[in-house]
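Good morning, colleagues. Today I shall introduce a structure that is new to this group. Please have the view open as I begin.

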Amino acid sequence: MGRSVLHDVIITLVVSALLIWLLPLMISTYTLTVLVIYGMLGLSLGLVWGFGGILCFGQAAFFGLGAYTYAIAAINIGESTLPMILAVLVPAVFAALLGAMMFYGRLADVYLGVITLVVTLILFKFVNSTAGPQYVIGNARLGGFNGIPGFQTLNVPGDPAAYIWGDPYFYVCAVALVIVFLLVTWLLRSSFGRIAVGIRENEVRMGLMGYDVATRKTVLFAIGAAIAGLAGALFANWGEIVTPNLFSLGQSAEIIIWCIVGGLGTRFGPIVGAAGLAYLKFMLGQQSMIDNTLVLGLILVLFVLFLPRGLVPAVASLLNSIFGGTKRKPKPRRMRRARHG
Amino acid sequence: MDLSFVILVEVLYGVASLVLISAGLAVVFGMMKVINLAHGEFMMMGGYATITAVGLGVNVFVAMLVIAPLVVGLIGLIVERLVIRHLYGRLVDTMLATWGLSLVFIGLATMIFGNTTTGISTPIPGFAFGGYQVNGYNFFIIIVSIVLVIAMYAVLRGTRAGLIARGTMQRSDMAAALGYSPDRIYMMTFFCGSALSGLAGAVLAPLVGLVPTSGGAYIAKAFITVIAGGPSLIAGLVSSATSFGLVSQFFTFAISPVIGEVALLIAAVVLLRTMPQGITGRFFKGKL
Amino acid sequence: MSMNRRELLGGAAALSTAAMLPQAAMAADTIQLGSILDTSGIFDAYGKPMDQAMRLAVKEINDAGGLLGKQVEVAAYDTQSDMALYSQYAQQLTRQDKVDVVHGGILSASREAIRQTMRKTKTLYFYNVQYEGGVCDRNIFVTGVTPAQQVEVLVPYAMKKSGPKVHILAADYNYGQITARWIQKFVEENGGEVVATDFFPLDVADFGSTITKIQQTAPDLVFAPLVGGAHLSFFRQWSAAGMKDKIPLASTTMGVGNEHKVLTPEEGNGIMVAYNYSQELDTPANIAFKAKWQAEYGDTTAIHELAVSTYQGIMLWAAGVRKAGSIERDAVVDALETGISIEGPAGKVTIDPQTHHATVDVHIMEFEGQGMTVIETLPQRAPIDTQAVCDLQANPGDNTQYEIEI
């Protein structure tokens, strides 16, 4: 066990170092930065959904909450360290409260999806209707539909004048993603993670074995939200503006799609799905022959029909079949069907 | 007195329109466990079908009540054969596929109709009640949704086709063993669900500014209404549409339309928290 | 264009090098014009005709021999109504394509998302859209109308036709909030009274309760700066309730994206608006413009206010470049600041040196048979709202969007 952990960590570090070195040669770092941020956002849902079995329609709420918390705190404080911390904490606390409300109420499946969806919509509608001058937090106008531009962006801790932007900012984000990825790996290998997977597979059995299912789900949900919040804060720094669109239903759906396309139940899949689809969108915008909405839609449909398990598991099993059965076979991870009636 | 009548009409209209926009989704989700995220786009296409038909000289009521449901039903049928059929039992995959489809439909509608398609005026004039003008078309919507609910109940309860459909949804293996092809029944159900979505879009078309992206406005509301309704198809639909419609219209009139919408959402949270299996998971158990 | 097509088809790996080389080679003998617009997604009703207008303007410039003897080449990106893509393409345009000017942005949020990038990279930026006013930045030129320009002329006209009691229904965002305040100010100046003001987020589509409420306040006039597809429902439900012939409507936004073509004539007729452009404008410049559009795209129905603004913005930029004899940013800004003007399809457009906004002709119009019939033309209205807060001559380093106190 100890050796295999080390093995995993080393492989992760080597691969990510290679990627961080090679990718900027092909894609501009500015675009890469947002791909990395989306990757982190994908990972956050990949964790709670793929490993915890919690289908969250509202991951965008935590993303947006992180971004807005950062923007508002940065305007009021003027130095980026504390706002970054707050941007992780506020979504986590919010998720813990929401999660506690849902999981202690034994909400599951689609019902859980609807609650998270509804909470996202409430946040979206609220932020969207704050255009008036009466909506102020400290010095920060919430700005409604137009969002908040012009806040202090990331600086070297303690020195507000030393901005981190451009290439260095990409490296900051990339390293942050690697750290988060390693933390997620560690979490999943810990007993907490194993029990979480157990709860995903059979909640009743785990409950009967004496595990406190509701608390564990709440904690996992909050961890996912914290990661999404961090991604949100990084996104705010990258775009230098936050708008209510971050909370939108479309954004939430996109995160879900990233996870399915990349491969649910893997750590790497959601990251690949997020970065890949976001880059695809970026590429599509450079042509004007066909309507881009149409192209994106077609790709999604074809994907579901022909590659239903997602990219990463498909590639993994392909490699497996080529290089023989020495590696352990990826477990088929199918979501349980919603049970009704 | 005049005012309370006007408000009563508006409240009834609020409930009726919720029933209308959720019915198609309720059939598809309630009976097949398929979440059709392209539901809003089906409605959008119903609207365009109506406008096109009226433009070709068809009577507006025929266009709304016959042509639009048929056209959208057929589109649904094609979608079911090409895509959905491969995905039964895979809730999440159908979501992704239908989300993709919704984008495809938006793209297609933009290419075919552009962004400024002239709508159709309401075929029923407004009238004065006391000191107030009332939208006469609201009554039409209320009547359509009442008829719709009764018809759905009659079909499911009273006809052999309804019985077979219900049986298949509960135990498709048993239905197959008795000689009914689940494949064909799913197909017909999806056709009906799509046709209902098309009908809703068509009936609402004279009241909204129809653009290819209009569908997005409905999907969340319909989804919430259907899920909060719970396992019983018709009782769930009617009870949740009534509660949400009442709550949202009350706050709309008391404060503002925005607060009305937020109240609806908060009501959904409270409702699902207290009744985790939806309204009919607790009340009206075993009803249709 | 052809290059973009190749970029898409080429593999991702080969892409960046393949794309960069020819551009670097061509940079010397062509002028690069960058364009960022939503030509798909929920804002494409605005963006598509703007894109067409941009290409038409560039084609016209090139057919006439280009600028400074060079051809103008377009690098256009579709932001797909996604705010994050604005930032990405702005970086792409300024750092990789290294364009000489950027035209684009539709929503105010999208403008704010890219404005600082343009400023930092010293790329001249044109925002060709009607907006709430108040942007004060030497690097940007704004050719759309601002609320005060419209409201100042529309309020007296509409009140004269109806009466002094006004009910305002505005879109709940920056533009609507500011416009509502201007309406209130001009209503009061003209001896009227605002009986109520309601704000609606952009996704509200059900106005039944609002229509009831309006009947309770019983105004003489409803002023409705509502925006987008959902808000169109108001005008349809208003007519369905039979209110249309009882209380007249006026708007500063209805029709900007050709929304009046979605309404049937019975629903739209009589709504009062004030814009810089109308397709029904009977001037030689507009007739010629429509003929050119017809020749290029075969159908003129798509032309709207924002498309014409875009066309005029590019023509103003071209005039600036010609006058400066250079495509250097500072030289072009100086040339534009001389108060340069062009004759556009909508009349004379002059750059106001103090604010970098445009002084334009404003036409009071009424909807009639899905067109906008011009009632009265008020020539050369200055952007008085932005002028109240912004003076780039006195303070060229300014870089804020002011909220104009009224």
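Let me start with a term: the domain bounds I use come from an automatic or database domain assignment. I should also say at once that this is a predicted model.

With that term in place, let us turn to chain C. Its domain 1 comprises residues 2-145 + 281-361 + 384-401, while domain 2 comprises 147-275. How far apart are the centres of domain 1 and domain 2 of chain C? Taken over C-alpha atoms, 31 Å separate them. The two domains also touch, with 15 residues of domain 1 of chain C in contact with 13 residues of domain 2 of chain C. On the domain 1 side, the elements that give two or more residues are α3 (44-63), α12 (305-324) and α14 (384-387) of chain C. By class, that side of domain 1 of chain C divides into 7 nonpolar, 5 polar and 3 charged residues.

The UniProt record, an unreviewed entry, places the annotation "domain: Leucine-binding protein" on residues 30-368 of chain C. Over residues 30-368, chain C is 43% helix and 23% strand, and the end C-alpha atoms are 45 Å apart.

I now move to chain B. The same kind of record should be consulted here: the unreviewed UniProt entry gives the annotation "transmembrane region" to several stretches of chain B, including 7-31, 91-114 and 217-238. In the model, residues 7-31 of chain B are 100% helix and 0% strand, with the end C-alpha atoms 35 Å apart. For residues 91-114 of chain B, the values are 96% helix and 0% strand, and the end C-alpha atoms are 33 Å apart.

One helix of chain B merits a short check of its length. Helix α9 of chain B, residues 216-229, has 14 residues; at 1.5 Å a residue it should span 20 Å, and because its end C-alpha atoms are 21 Å apart, the two agree. Is α9(B) mostly covered or mostly uncovered? It is mostly covered, for 14 of its 14 residues are buried. After α9(B) comes B:Gly230, whose phi is positive, near 90 degrees.

Next, the contacts of chain A, beginning with chain B. Here 35 residues of chain A are in contact with 36 residues of chain B. On the chain A side, α5 (109-128), α10 (249-262) and α12 (292-306) each give two or more residues. The largest share, 10 residues, comes from α5(A). What is the make-up of this side of chain A by class: how many residues are nonpolar, polar and charged? There are 25 nonpolar, 6 polar and 4 charged residues.

Chain A also meets chain C, in a contact that takes 32 residues from chain A and 35 residues from chain C. At least two residues each are supplied by α2 (29-51), α5, α11 (268-284) and α12 of chain A. The side of chain A that touches chain C has 11 nonpolar, 17 polar and 4 charged residues.

Finally, the nonpolar core. The largest one has 351 residues, and those with the most contacts inside it are A:Ile37, A:Val114, A:Val118 and B:Ala268. Helix α1 of chain B, residues 2-32, gives the most to this core, with 19 residues. The core also draws at least three residues from each of domain 1 and domain 2 of chain C. As for A:Val114, its contacts include B:Phe223, B:Ile224, B:Ile227, B:Ala268 and B:Leu272.

Thank you for your attention.

Technical notes: Residues are numbered from 1 along each chain as its sequence is written. Chains are lettered from A and ligands numbered from 1 in the order in which they are written. This is a predicted model: local features need pLDDT of at least 70, side-chain atom pairs count only at pLDDT 80 or more; totals for chains, interfaces and linings use all residues. Two residues are in contact if their C-beta atoms, placed from the backbone, lie within 7 Å. Helices (H or I, at least four residues) and strands (E, at least two) are DSSP runs, numbered from the N terminus. Ala, Val, Leu, Ile, Met, Phe, Trp, Tyr, Cys and Pro count as nonpolar, Asp, Glu, Lys and Arg as charged, and the others, Gly among them, as polar. UniProt positions are given in the numbering used here, feature names are shortened, and annotations may be inferred rather than shown by experiment. A nonpolar core is a set of buried Ala, Val, Leu, Ile, Met, Phe, Trp, Tyr and Cys residues joined through C-beta atoms within 7 Å. A residue is buried if 20 or more other C-beta atoms lie within 10 Å of its own, exposed if 12 or fewer, and partly exposed in between; C-beta atoms are placed from the backbone. The expected span of a helix is 1.5 Å times one less than its number of residues. Lists of a residue's contacts leave out its neighbours within four places in sequence.
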